Amino acid sequence: MSWETFLWTTLSVALTLCTFSFLYRDNPFYKFSESLFVGVGAGYFTIILIYNGLVPTLIDRLWVGQPWWQIWGGRWWYIIPALLGVLMWFRFSKKKSWISRYPIAFYIGIATGVAIPLEMQNRVNRQLADTLLAPNFSAGFTAGISDIIIIIGVICSLFYFFFSVAHKGTFGGIAKIGIFILMVGFGASFGYTVMGRISLFIDRVQSIRDWVKMGSDGTGGMMAIVTIVSLAVVLLIILEIMRHLRNKAAEPTAQ
Amino acid sequence: MKKEIPLLIVFVSGLFMAVQFFVPHASSEFIYEFVMEWSIIIGIFALALGIWSLVRVSVNKIRRRSENWPYAIVILAGLAAMMVFALAWGGLESYMFRSFFNYVMIPLHATMFSLLAFFIASAAFRAFRARTALATVLLISALVLMLRFNPYLGPLGGPEAGLAQWVLNVPNLAAKRAIIIGIGLGMVATSLKVILGIERTYMGSD
Amino acid sequence: MKRYVIVFSAIMLLLTAVGWGQDTAGVAAAAPGGSPPEPPKNVRAFDTPYDNGHSITLTWESSASDTAGSLFLGYRILRSDTPDGPFVDRGLVPAGATTKDDKGVKEKEEDGYFPRNHDFYYKVAAVTAVGETESPVVGPVQGVGQWYNRGKTPVAVAVVIFTGLTLYFIVRAKRGAVLYIRPLAGIDAVDEAIGRATEMGKPILYVLGLGTAADIATIASFTILGRVAKKVADYKTSLIVPCYDPIVMIIAQETVKTGYYNAGKPEAYNQDSIYFLTNQQFAYVGGVNGIMLRDRPATNFYLGKFYAESLMLAETGTVAGSIQIAGTDEVTQIPFFVVACDYTLIGEELYAASAYLGREPVLLGTLKAQDYAKALIIACAIIGVLAASFGWTWFVQQFHVGN
Amino acid sequence: MNFFERLSKLDRRWVYLILAGVVVITVLMKFSTPIRINPEVRAIYDFVESRKAGSYLHLAVDYDPGSQAEMHPMTYAIMEQALAKDIKIIMTALSPNGPGMAEQAMLNIMDSVRLHTGKEVVYGRDICFLGYKPYPGIVILSMGQNYRISFPSDYYNTPTDSLPMMQGIVNYSNVDGIVLITGTSGVDYWIAYANGRYNAPLAVGLTGVMAADYYPYLKSGQIFGLMGGMLGAAEYETLAGRPARAMEAMRVQVWAHMVIIIFILVGNIGFLASRRRGGAR
């Protein structure tokens, strides 16, 4: 194992431990790793947007190997969105910042215009069409009953979402069944997701284990670094416990 | 000029895109794709404003020596480092840029994400209490799903796995479907309000 | 010995027939010891309906050799510019299929370009281990683009009905009709939550989620933010809005400014409190979590698009002791908010919230339209299920949306 | 504050600490969870176990790197078992990213069998990997006729006929059975064609998400065995007496879930008990 990889891995293990310290409480180690992540993340995003966004969607299309001032050989009409983009920068000026509303209006108009038929189709038409099925009793009694429960469930839950009718009387009763069905669904969703999430933490524990292994299989220097980092962590924990005990002794006992 | 024209732009471009949906012809597809690229390009130019805002807020923090100001330096350093690594040395292939991505961003990303395991545990502990009938229903259906793959309790494909599958496929499906239909109507209503100019707070005040 | 020869030649023929590596299409071979398959019958080629024009649909009736248990491998689609060939292999369809769209992309300069308004001739060949038998040539046929997609008619009808309802109720509301709306716990809590922040002298945190300004959930969140900002200005509390997307940040700034302006306090508006944080999902979560634990906001709003971070934010907010009001259209994340937050706007309630907060008659009118649409959907569902149960398929088919 | 109230108001950090502790301990300790074996997994194990030395098994490795965490342990366990019993394995990969998975599994297993049993596994004599071809439906059909139609040569471009173990092996009727490990919907082709048209005995290993949908095929006898997800793999490792990767992941997950469930129960016991003591409020 090369020193280079080992040192980079040590850095990532250290940052991992800093982040986990958040579970105990906010502290300088977490603040550091969080700020680093925010900065590095924003920088990474910027670079990716320049190289994978700006260059292929705009620059490569405007300039096709000609002298830089001559854009006519490329797809010159891409100058229009570029100008719209530049209009956004009028926000840097206090007086003229309203000009930036033009590209925003365009952006919002496109987004909402696309959404109207698309969301109507995907969320309303398709979901409704999928509901219009005869209960399938040929697949067994339970299957048929389940189909009926689905239809009733959808209808009752929709009752819950009525805004302009008071949830009272029969209407309120149906809406009440609806909210119960919604809760069953929410519980199921929650329980279903728990399975996968633990493995994320398992993966982090294994990566720390691998790093310790890397150090103990490596040279004496690597071993020393692993030992120092581990001792530092243990020391910090001990200091924290002592601080905690001291504070507790100083406080008047609760109750 | 300041407000009427933008509202007109919203109306025209919105109506145009709504109609475009029903036209399968290649020329309509071409316009759709071109317009989507416009949105991407506008987004790229907007990024400059985003970065400017992050830098401004951080610099102000440092200048005013507000609480936790040293961490604003860390933010700026991280931002500058990534930009310099890539722009000065070899773009996306730059050694430092890639190493920072692999050994700083990826582990921080994975670790931050893995905190979710703990939050799930504490949320379950704190909130899954049989306080009301509704809360009890939520609790029971979550437990049914959590127990489904537990080898201490029964075989895979056994009755409780069947029950879990049923809860997932029947009441859960009904609930999801109703929510999705409602969301669809809400989205269309919101979009209509924006296109018609009824909802215009986002457009500024003057 | 003779057996080996037969097996060997059969293998060689199979290799030729299935044609990996080489384009040996069109070589129909008779095999010793077996008869070639029957060709597919009634091959038809026509312009694919309701598309952009860069596609042609082929249909046929199964070859008599395509039976269960047989060694039938599939159908090969062959295309040419002239009736006499040469024919190009356009792909193999597995046994049992009776239709195939031969299509490509519309960009001339790209691979897989499929010309529009161009004459083509087709053959369909039945392929077995023994050989290939081709149908007669059909054509000429052209791919033509259409100007209206009839498969989308149900969507068009739905949009027209819904728009009509919305306009009708807006007009009615403008004329002064009084509309009732039922109370919504999450909305009623907003005033209380802002008041609490004022009492405690602590800020309010408003998170717009991970959506871009092109997501309708984010747009809905802007409309809520505008109302919240007005109340915040009224109460003289401060507002923090960390953003995930630069355009979202810009629009959020405008929105909050409008809110302060509407409250008559434009001078209290501070642009720096609405800032861009970062565009990496978990870096953003880390940043927002940090704000929650350091600035200790009295109230957190999470309205917009949220993914795995929903629970991470809500749990940290609980630790910080904030009142939390959440709402998202991400169906998988709603349960986490329901479990961890004080108030959750479930699905459609998120889109209704701005009307609730603003209480303007015009906006309430749109809520009424949404309710009528739901009533219509429920009616269609009941009639449709009954129709399906009694075999009245025509009614059900009217709801089917094509591609 | 009584015990139950205290319990229901336990600081969240204790929850975190206990969960983290359980995960770390279960990752580091090498114990196995009592896995209850399901008949559909045992069927596969018994099938391989009852083969005579020198018989053939077709192992289809049709998964992508994305599902390797669940699928690799199944592949490894079956290969180890078969090779230890001198059963010859024919491997194919019909998912675009499958060949890399199959080759990795094969090379690792050849090494580990050599290491553990001292037995030399020879490519071409004991095991072979025919490679990848597109159009899974057609490939599966053609293999029912003759392996050489789709695979005239193996993954390494050696003519299939020159592999010693492939002498006299024409199609599915020459192998004792097919075990398919997959994370893709290609499983439908295998059931319809390999089993449906050629009556080849077929067993499947699927991702946890997919497994539930295939129990009907087990009932109808179209597949004779089924392993679902990490748990299925762990069951197989238990049967084979070599708890490994799946077992590690499984014991951690199972215990972590137990902790969460126990916390939910403890929270509720505390809550209900303190409410009863507090009387009607």
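The expected span of a helix is 1.5 Å times one less than its number of residues. The structure treated here is a predicted model.

**Exercise 1. Helix H2 of chain C**

Task: Compare the expected span of helix H2 (residues 153-174) of chain C with the distance between its end C-alpha atoms. Then work out which residues are buried and how they are placed about the axis of H2(C).

Solution:
1. Helix H2(C) has 22 residues, and at 1.5 Å a residue it should span 32 Å.
2. The end C-alpha atoms of H2(C) are 31 Å apart, which agrees with the expected span.
3. A residue counts as buried if 20 or more other C-beta atoms lie within 10 Å of its own, and as exposed if there are 12 or fewer.
4. By that rule the buried residues of H2(C) are Pro154(C), Val155(C), Ala158(C), Val159(C), Phe162(C), Leu165(C), Thr166(C), Phe169(C), Ile170(C) and Ala173(C).
5. Viewed down the axis of H2(C), these buried residues fall within an arc of 130°, so they line one face of the helix.
6. An α-helix has 3.6 residues a turn, so residues three or four places apart point the same way.
7. Val160(C), Gly164(C), Val171(C) and Lys174(C) are exposed on the other side of H2(C).
8. The cover over the buried residues of H2(C) includes H4 of chain A, helix H7 (171-195) of chain B and helix H10 (361-389) of chain C.
9. Just after H2(C) comes Gly176(C), with a positive phi of about 100°.

**Exercise 2. Contacts between the chains**

Task: State how many residues take part in the contact of chain A with chain B, and how many in the contact of chain B with chain C. For each, name the element that gives the largest share of the first-named side.

Solution:
1. In the contact between chains A and B, 93 residues of chain A meet 98 residues of chain B.
2. On the chain A side, two or more residues each come from helix H1 (3-20), helix H2 (28-62), helix H3 (79-88), helix H4 (101-131), helix H5 (141-160) and helix H6 (169-217).
3. H4(A) gives the largest share of this side, 23 residues.
4. The chain A side that touches chain B divides into 60 nonpolar, 25 polar and eight charged residues.
5. The contact between chains B and C takes 51 residues from chain B and 66 residues from chain C.
6. Helix H2 (26-63), helix H4 (95-127) and H7 of chain B each supply at least two residues of the chain B side.
7. The largest share of this side, 16 residues, comes from H7(B).
8. The chain B side that touches chain C consists of 30 nonpolar, 16 polar and five charged residues.

**Exercise 3. Strand E6 of chain C**

Task: Find the partner strands of strand E6 (residues 120-128) of chain C and the sense of each pairing.

Solution:
1. Strand E6(C) is mostly covered, as eight of its nine residues are buried.
2. Strand E3 (residues 72-80) of chain C pairs with E6(C) in the antiparallel sense over eight bridges, and Arg79(C) stands opposite Tyr122(C).
3. Strand E8 (residues 138-141) of chain C runs antiparallel to E6(C), joined by two bridges; Val138(C) is the partner of Tyr122(C) there.
4. Strand E7 (residues 132-134) of chain C is also antiparallel to E6(C), with three bridges, and Glu132(C) is the bridge partner of Val127(C).
5. E6(C) and E7(C) form a hairpin with three residues between them.

**Exercise 4. A sheet of chain C and Leu303(C)**

Task: Give the strand order of the six-stranded open sheet in chain C, explain what is left open at its edges, and place Leu303(C).

Solution:
1. The order is E11-E10-E9-E12-E13-E14, with parallel pairing.
2. Strand E11 (274-276) and strand E14 (343-346) are at the edges with a single partner strand each, so one side of each has no neighbour in the sheet.
3. From one strand to the next, the twist averages 15°.
4. Strand E13 (residues 323-328) and E14(C) pair in the parallel sense over four bridges, with Gly327(C) opposite Leu345(C).
5. Helix H5 (residues 246-262) of chain C packs on the sheet and touches E9, E10 and E11 of chain C; its direction makes about 175° with that of E11(C).
6. Leu303(C) lies in strand E12 (residues 299-305) of chain C.
7. With 27 other C-beta atoms within 10 Å, Leu303(C) is buried.
8. Among the residues that Leu303(C) touches are Leu208(C), Ala326(C) and Gly327(C).

Definitions and conventions. Residues are numbered from 1 along each chain as its sequence is written. Chains are lettered from A and ligands numbered from 1 in the order in which they are written. This is a predicted model: local features need pLDDT of at least 70, side-chain atom pairs count only at pLDDT 80 or more; totals for chains, interfaces and linings use all residues. Two residues are in contact if their C-beta atoms, placed from the backbone, lie within 7 Å. Ala, Val, Leu, Ile, Met, Phe, Trp, Tyr, Cys and Pro count as nonpolar, Asp, Glu, Lys and Arg as charged, and the others, Gly among them, as polar. The arc is that of the directions from the helix axis to the C-beta atoms. Two strands pair if DSSP finds at least two bridges between them. Axes are lines fitted to C-alpha atoms, for helices over the stretch in contact, and angles run from 0 to 180 degrees between N-to-C directions.
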